[in-house]
Amino acid sequence: MTSHILSVAEDFWNIRGSFRIGGLVDIGTQASLVRRANGKFVLIDSCSLSRRVGKEIDVLTKGGREIEAILHVHPFHTVSACPMYERFPHAKLYGTARHVAQAPELPWESLRTEDPDLHALFADDFEFSIPRGVDFISANENIHVSSVLVFHRASKTIHVDDTFMYLRLPRLMRSVGLPDFLNFHPTLAQALESRPGAAQEFRNWAKELASNWSEAENLCAAHTAALLARDNRGAPISERIALALVKVENTLRCHERKVG
C-alpha cells in the first residue's frame, strides 16, 4: 500500500500508511492531521511517512513547526510512535498507558489519551469516546476492539482505529450495487468483559455514539478505508453505526447468556 494523504475536509487530512504483517501482508494503517481552531495542528496516531507524504505535511505545517501535539489513541498501534516523535520532536507527545509502557524512553506527557482530563484539554476542537463493556487494553494482544475514538466537530469527521472496520468493495463490484460495510472489529466476543452487564454497557455505548455524533459525515478507519461524505452513496454514518450494532446483537446476547 502506497502511503498517501486524503484531503477529507477543510482542516482535516487522513494519512493512509503501510503496515506489513511478517514483512509480507500489507494491511495498511493510518494517522490524521488536523488543524485546530487556533491554527495549530494535531496528529492523531502515527504511521510511516513516505518522502512525498512527509513533504506534503511539511508544506501544511511550516516544516512541522505548527504541529503542537501527537495523540496516540489505540493501545496496540505503537510501532510508529518513535519514528513520528523523531520526525516532530517539538510536538507534545500523548499516548495510552500501553504506549508509555512500550516506549518509556520517549518524553510522554503525564496525561494519557484515555484520561478525561486529556479530553477536556482538547475539547475546543474534539470529542472523545471510549467503548464501554470491553477491555481497553486486553491481555490478549490480538484483541484490538477498544480505542479512543475522536470526533473533529468542525470537519464532522470521526477518526477510529480497529473499533470500527469500514469495508469498501472494489469499484466494479460497487457499480453493480454491492454495498459497502461498517462493522465492529471481529474480536468483539473476546473483548467483552467477563462480568454481568458488560454486553449491555457496550450496547448502550454504541447507541449513544450514533446519537451524540449523528452529525458525522466522514469516518477514517485504520487498515481498511475511509468513508468520505463525497463518496457516500449509502446511509449516513450514524445509521451505519446503528446497523453495525444490530449485526453484533447475537454476540452480545450470547455473552449475556453466559455471564449476565
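Five strands form an open sheet in this predicted model. Their order is S10-S11-S12-S15-S16, and the pairing is mixed. A loop residue between S10 and S11, Ser138, is covered below, as is the packing of helix H7 against helix H9.

**Sheet**
- Strand S10 (126-129) and strand S16 (226-227) are the edge strands.
- Each of these two has a single partner strand, so one side of each has no neighbour in the sheet.
- Strands of a sheet pair through backbone hydrogen bonds, in a parallel or an antiparallel way.
- S10 and strand S11 (residues 149-152) run antiparallel and are joined by four bridges.
- Phe128 has Val150 in S11 as its bridge partner.

**Ser138 in the S10–S11 loop**
- Ser138 lies in the loop that links S10 and S11.
- Its relative accessibility is 10%, so Ser138 counts as buried, the cut-off being under 20%.
- The Ser138 side chain reaches the backbone nitrogen of Asn140 at 3.1 Å.
- Beyond neighbours within four places in sequence, Ser138 is in contact with Phe76 and Ile143.

**Helices H7 and H9**
- The axes of H7 (residues 198-212) and H9 (residues 249-259) come within 8 Å.
- They cross at roughly 150°, which makes H7 roughly antiparallel to H9, since angles over 145 degrees count as such.
- H7 contributes Ala198, Ala199, Gln200, Phe202 and Arg203 to the contact.
- H9 contributes Glu249, Leu252, Arg253, His255 and Glu256.
- By type, the residues of this contact are four nonpolar, two polar and four charged.

Notes: Residues are numbered from 1 along each chain as its sequence is written. This is a predicted model: local features need pLDDT of at least 70, side-chain atom pairs count only at pLDDT 80 or more; totals for chains, interfaces and linings use all residues. Side-chain values use heavy atoms; hydrogens and water are left out. Axes are lines fitted to C-alpha atoms, for helices over the stretch in contact, and angles run from 0 to 180 degrees between N-to-C directions. Angles under 35 degrees count as roughly parallel, over 145 as roughly antiparallel, 65 to 115 as roughly perpendicular and the rest as oblique. Contact means heavy atoms within 4.5 Å. Ala, Val, Leu, Ile, Met, Phe, Trp, Tyr, Cys and Pro count as nonpolar, Asp, Glu, Lys and Arg as charged, and the others, Gly among them, as polar. Two strands pair if DSSP finds at least two bridges between them. Buried means under 20% relative accessible area, exposed over 50%, partly exposed in between (1.4 Å probe, protein chains only). A polar contact is a pair of N or O atoms within 3.5 Å; within protein, one must be able to donate a hydrogen and the other to accept it, and residues adjacent in sequence count only if both atoms are side-chain atoms.
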